[in-house]
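Visitor: I'd like to learn how to read a few features straight off a model. Could you walk me through some?

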Amino acid sequence: MSRSAVITYDGLPISSGGAHTLRTRGFVETARSLSDFVSSVSIISTPTDLTLELLSGGEINEKEFARLYEDACGQYGLKKFTRGMGDYIGHQWALDVSTLHEVAAQLEKLRPIFHAGYAGWQVVLHATWKLEFREEDSQLAMLYQSRTDYNDFEITWKVFLGESGVYARISEKSTAALFLSLPFEEVSEDCHQLAVRIQKAFPVRLSAKHWKRWSLTKAGKNYVGRKIKSPILD
C-alpha cells in the first residue's frame with residue numbers, strides 16, 4: 001500500500017543550476033567530510049558512483065592536459081565518456097567506488113587546480129552516495145525508504161520520493177547537491193530528530209526554504225508537494 005505522505009528536502013538542486021558550496025578545500029578534506037556525513041546517518045557509506053573528469057580545450061594548457069590524460073589512462077584505463085561544454089571537453093573515467101580516499105589523495109598533489117571559467121575546475125572528482133537512514137538507537141534501517149513505497153513517483157528526472165542521496169563535485173572548491181526523502185507522513189518528533197541529526201552531520205547549513213510535504217492524491221497514484229516549515233526548527 002502506498003504511503004499517504006512524505007517529507008522532502010531538495011537543497012539547491014543541480015537540476016536548477018545550483019548546489020551547496022562546501023567550506024572545505026581540496027580533494028582529501030572534502031572527501032573525508034562527506035564520507036563522515038554519510039556514515040553518520042546512513043547504513044552504507046560507500047559511494048554508488050565515482051567518476052574522474054579532466055577538461056581540455058579553451059584556455060587550458062594543452063601540454064598540461066596531455067600529461068594528466070596520459071596519467072589517468074595509465075591508472076584507470078580507457079575513459080568511459082566525453083561531453084562537450086562550449087569551448088571545453090570533459091573526459092571521464094569510471095572509478096572503483098572503494099577508492100574514493102585513495103584517488104582523493106592522488107589528486108590532492110595536483111593542487112592548485114586551474115579554473116576553466118564557466119566549465120569549472122580542470123580536474124573534478126564526481127561522487128554520488130545513496131542515503132539509507134538508520135534508527136539512532138538500533139542502527140537498523142528505517143522503513144519506507146524505497147520508491148515503491150510511493151508509487152515510483154518521480155519529482156524530477158531520476159529523483160524519486162523514497163530515495164535520498166548526495167551528489168558532489170569535488171575539486172579545489174566543491175559543491176554538493178542534497179536530496180532528502182524522510183520516511184515520515186507528518187513532521188513528527190521522530191522526523192524532527194532525524195532532520196537535526198542530518199543537519200549536525202552535513203558540512204553546510206541546510207536551507208529553511210526547500211522543505212516540502214508530499215501528499216498522495218485522492219486517485220491514489222500521484223503526489224502533490226507543498227512547502228512547509230523546516231522540521232529542524234520544530
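**Strands, a pocket and two residues**

Guide: Sure, and keep in mind that this is a predicted model. Let's start with strand pairing: S6 and S9 run antiparallel to each other, joined over seven bridges. One bridge to look up is Trp 129, whose partner in S9 is Val 166.

Visitor: What does S9 form with S10?

Guide: A hairpin, with two residues between the strands. S9 and S10 also pair in the antiparallel sense, over five bridges, and there you'll find Ala 168 opposite Ala 176 in S10.

Visitor: Is S9 largely enclosed or open?

Guide: Buried here means under 20% relative accessible area. Five of the seven residues of S9 are buried, so the strand is largely enclosed by the rest of the structure.

Visitor: And the loop between S9 and S10, which residue lies there?

Guide: Ser 171 does. With a relative accessibility of 1%, Ser 171 counts as buried, because the cut-off is 20%. Its side chain reaches the backbone oxygen of Val 123 at 2.6 Å. Not counting residues up to four places away in sequence, Ser 171 touches Gly 26, Phe 27, Ile 113, Trp 121, Val 123 and Val 124.

Visitor: Now for pockets. Where is empty space left?

Guide: The general idea is that rolling a probe the size of a water molecule over the atoms shows where empty space is left. In this model, the second largest pocket holds about 350 Å³ of space. Its lining has 18 residues, and those nearest the centre are Ala 119, Gly 120, Trp 121, Val 124 and Arg 169.

Visitor: Which strands supply at least two residues of that lining?

Guide: Strands S3 (49-57), S4 (81-85), S6 (123-131), S9 (164-170) and S10 (173-182) each do. S10 gives the most, with three residues. By type, the lining residues split into seven nonpolar, seven polar and four charged.

Visitor: Let's try one more residue. Where is the place of Thr 46?

Guide: Look in the loop between helix H1 (27-41) and S3. Thr 46 has a relative accessible area of 36%, so it is partly exposed. Leaving aside neighbours within four places in sequence, Thr 46 is in contact with Val 97, Ser 98 and Trp 129. That last one is the residue bridged to Val 166 in S9.

Visitor: How many residues apart in sequence are Thr 46 and Thr 99?

Guide: They are 53 residues apart in sequence, and 9.4 Å apart in space, C-alpha to C-alpha.

Conventions. Residues numbered from 1 in each chain as written. Predicted model: local features only at pLDDT ≥ 70, side-chain atom pairs only at ≥ 80, totals over all residues. Heavy atoms only, no water. 1 Å grid on protein atoms, 1.4 Å probe; cavity = no way out; pocket = protein on both sides within 12 Å on 5 of 7 lines; lining within 4 Å. Points joined across faces, edges and corners; volume = space filled by probe spheres on them. Helix = DSSP H or I, 4+ residues; strand = E, 2+ residues; numbered from the N terminus. Nonpolar A, V, L, I, M, F, W, Y, C, P; charged D, E, K, R; others polar. Buried < 20%, exposed > 50% of the residue type's maximum accessible area, 1.4 Å probe, protein only. Polar contact = N/O pair within 3.5 Å; in protein donor to acceptor, adjacent residues only side chain to side chain. Contact = heavy atoms within 4.5 Å. Pairing = 2+ DSSP bridges.
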